[in-house]
Amino acid sequence: MDEPVLLIVGLGNPGREYRDTRHNIGFMLLDLLAVKLDARFSRLQSQALVAPCVYEGRRMILAKPQTFMNLSGRAVRGLVRFYKLPLEALLAAYDDLDLPLGMLRLRPDGRSAGHRGMESIIEHLGADCFPRLRLGIGRPPGRMEAREYVLQNFTDEEMKVVSDTLQRAVEAVLAWATAGLEMAMNRFNVSPPYV
């Protein structure tokens with residue numbers, strides 16, 4: 001029996017004004033994956049920009065929901081249903097305030113921890129047992145509200161760390177796709193030297 005297509009979803013907000021914000025690190029990862037895999041976000045499917053591709057014989061769909069973050073589940077549910085995917089064939093990548101900038105965490109399942117995009121996905125799928133890649137963005141400084149912090153652009157200094165983090169995240173996604181979640185977790189759930 002053929003292996004199911006893999007669905008890699010990066011969370012973010014559509015629109016130029018959100019492109020370089022902390023909340024859009026999931027979109028940034030998908031853009032880098034598309035470059036690496038020579039894929040193009042050329043069509044809209046189930047309210048997401050999608051880029052079909054193949055890596056080492058595995059068919060994959062890269063997807064950037066265009067519903068805005070808090071409604072991401074609509075797009076993800078539509079894609080999961082269309083491709084008839086088991087939930088273990090879905091990987092959601094998103095920003096995480098509870099991890100320091102530069103830290104990656106692959107997990108097999110879990111709750112949303114207050115992340116509205118993940119809340120939406122869990123609600124629309126009716127389950128939280130799907131792999132996810134948490135991309136650390138750190139906590140807001142001082143008394144700044146989280147919702148204000150995540151919609152700010154990364155600073156130039158932060159972008160140096162983000163660039164390295166995203167390169168490691170690309171490797172982590174491809175390791176998950178080819179070698180499985182456990183191996184990818186063992187290899188990438190470690191702190192880089194600058195964290």
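## Exercises on a seven-stranded sheet

An open sheet of 7 strands, with mixed pairing, runs in the order S2-S3-S4-S1-S5-S7-S6. This is a predicted model, where local features need pLDDT of at least 70 and side-chain atom pairs count only at pLDDT 80 or more, while totals for chains, interfaces and linings use all residues. Residues are numbered from 1 along each chain as its sequence is written, and side-chain values use heavy atoms, leaving out hydrogens and water.

**Exercise 1.** Find which strands stand at the edges of the sheet.

*Solution.* Start with the terms: strands are DSSP runs (E, at least two residues), numbered from the N terminus, as are helices (H or I, at least four). Two strands pair if DSSP finds at least two bridges between them. Strand S2 (43-45) and strand S6 (104-107) each have a single partner strand, so one side of each lacks a neighbour in the sheet.

**Exercise 2.** Work out how strand S5 is joined to strand S7.

*Solution.* Take S5 as residues 90-96 and S7 as residues 132-136; 5 bridges link them, and they run parallel. Next, pick one bridge: tyrosine 94 has arginine 134 in S7 as its partner.

**Exercise 3.** Decide which residues of helix H3 are buried, meaning under 20% relative accessible area with a 1.4 Å probe, protein chains only.

*Solution.* H3 spans residues 116-125, and 7 of its 10 residues are buried, so the rest of the structure largely encloses this helix. They are Gly117, Met118, Ser120, Ile121, Ile122, His124 and Leu125. Then look at the cover, which includes helix H2 (72-82), S5 and S7. Finally, step just past H3: glycine 126 has a positive phi of about 70 degrees.

Conventions
Buried < 20%, exposed > 50% of the residue type's maximum accessible area, 1.4 Å probe, protein only. Contact = heavy atoms within 4.5 Å.
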